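Okay, thanks for squeezing me in today. Let me put the structure up, and then I'll walk you through the sheets, one helix and one glycine.

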Amino acid sequence: MKEVADHHQPRIEVHPLLKITVLWPSGAREMLGGAVPEAPHVTRVISAYSSAYVLPAAEGAADYIVIDAGMDTEARNIRATLAELGAAAVGAIFITHGHLDHVKGVNSLGAADIYVSDHDEPYLLGHKRAEGFIGTLAGKLPQKARPDRERVKLVGNGQEVMVGEKTVRAYHLPGHTSGSMAYVVDGVLFVGDALYFKQNGHAGLSPAPLNWDSQVAASSLSVLLEQLDRDGIEISAVVPSHSGAGTLDAVRVLADSDQRG
Ligand SMILES: [Zn+2]
């Protein structure tokens, strides 16, 4: 596994209010670009204040799976990281949700299929701004960042997508947006902005003002955990977009505490 340096941040225009509201609560586990310590075959790419993830589509493969596409319409950090890793192409892009800091780079990562939920597809296509406070501030996806419709594939709860030798399993995890998705690849659970980890390893929900519906966010975690148990999926690391990684046990504690109210 090659070490990948943390790249210099590109200059990106971010609405100043958006910048303030998405600054994650103090106490979030630090996130660094490069190999994820808990899942070293996965590389985190920081794009402004958000994370995208890349991992090979097979052992030693030149095709890569990309989870989210960052805040930069030119995806400079993601492309630089893929080049350092020796990636020849992007095999597929999976979008956790349609907020701009997760989708803006899709048009600069080749012509791969882009997977998104039906609820969040209109945000990815720039037809609508996202629901809630963040959508109001951020607006619609800019024209040049909107992907061609034929690249966009809808993905639903429980669906599996093969990319190279890897199976990407999708779970609907609504709350942060109505169409937020979680993805499992190789026992790594990518949760987007559904939750974050604190420095002490505890999990927390995204702050309420940033969510479409925080109650749904809490209850859908329990649904996800039930599905993972039912499907017999072992999770070795949980990887959010705005904090360091953590454990599924910490997510169970969070879901239990929310159920008790
Ligand atoms: Zn978000």
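So, this is a predicted model, and I'll begin with the seven-stranded sheet. That sheet is open, its order is S1-S2-S3-S4-S5-S6-S7, and the pairing is mixed. At the edges you have S1, residues 34-36, and S7, residues 152-154, and each of those pairs on one side only. If you ignore direction, neighbouring strands here are turned by 30° against each other on average.

Now look at S5, residues 89-94. Is that strand mostly buried or exposed? Five of its six residues are buried, so S5 is largely enclosed by the rest of the structure. For us, buried means 20 or more other C-beta atoms within 10 Å of the residue's own.

Who are the partners of S5? On S4, residues 63-67, there are five bridges to S5, and the two strands run parallel. To pick out the register, aspartate 63 sits opposite alanine 89 of S5, and tyrosine 64 has valine 90 as its bridge partner in S5. S5 is also joined to S6, residues 113-116, by three bridges, again with the strands parallel. There, phenylalanine 94 has tyrosine 115 of S6 as its bridge partner.

How does the chain get from S4 to S5? The path goes through helix H2, residues 76-85, and this β-α-β crossover is right-handed.

Let's stay with H2 for a moment. This helix lies across S2 (39-47), S3 (50-56) and S4, and runs at about 150° to S2. Which of its residues are buried? They are Arg76, Asn77, Ile78, Thr81 and Leu82. What do they pack against? The buried residues of H2 pack against S2, S3 and S4. Right after the helix comes glycine 86, and its phi is positive, near 85°.

Okay, on to the other sheet. This open sheet has five strands in the order S8-S9-S10-S11-S14, also with mixed pairing. S8 (160-163) and S14 (237-240) are at the edges with a single partner strand each, so one side of each has no neighbour in the sheet. Direction ignored, the average turn between neighbouring strands here is 25°. As for S8, four bridges join that strand to S9, residues 166-172, and the two run antiparallel. In that pair, valine 163 is opposite lysine 166 of S9.

Last stop, glycine 201. Where does this residue sit? Glycine 201 is in the loop between S12 (195-197) and S13 (203-205). With 14 other C-beta atoms within 10 Å, glycine 201 counts as partly exposed, because that class lies between the exposed limit of 12 or fewer and the buried limit of 20 or more. Which residues does glycine 201 contact, leaving aside its neighbours within four places in sequence? Those are Gly246 and Ala250. And have a look at alanine 28 too: along the chain, alanine 28 and glycine 201 are 173 residues apart, yet their C-alpha atoms are separated by 9.1 Å.

That's what I had, so let's open it up for discussion.

Conventions
Residues are numbered from 1 along each chain as its sequence is written. This is a predicted model: local features need pLDDT of at least 70, side-chain atom pairs count only at pLDDT 80 or more; totals for chains, interfaces and linings use all residues. Two strands pair if DSSP finds at least two bridges between them. A crossover is right-handed if, with the strands pointing away from the viewer, the path from the first strand over the helix to the second runs clockwise. Axes are lines fitted to C-alpha atoms, for helices over the stretch in contact, and angles run from 0 to 180 degrees between N-to-C directions. Two residues are in contact if their C-beta atoms, placed from the backbone, lie within 7 Å.
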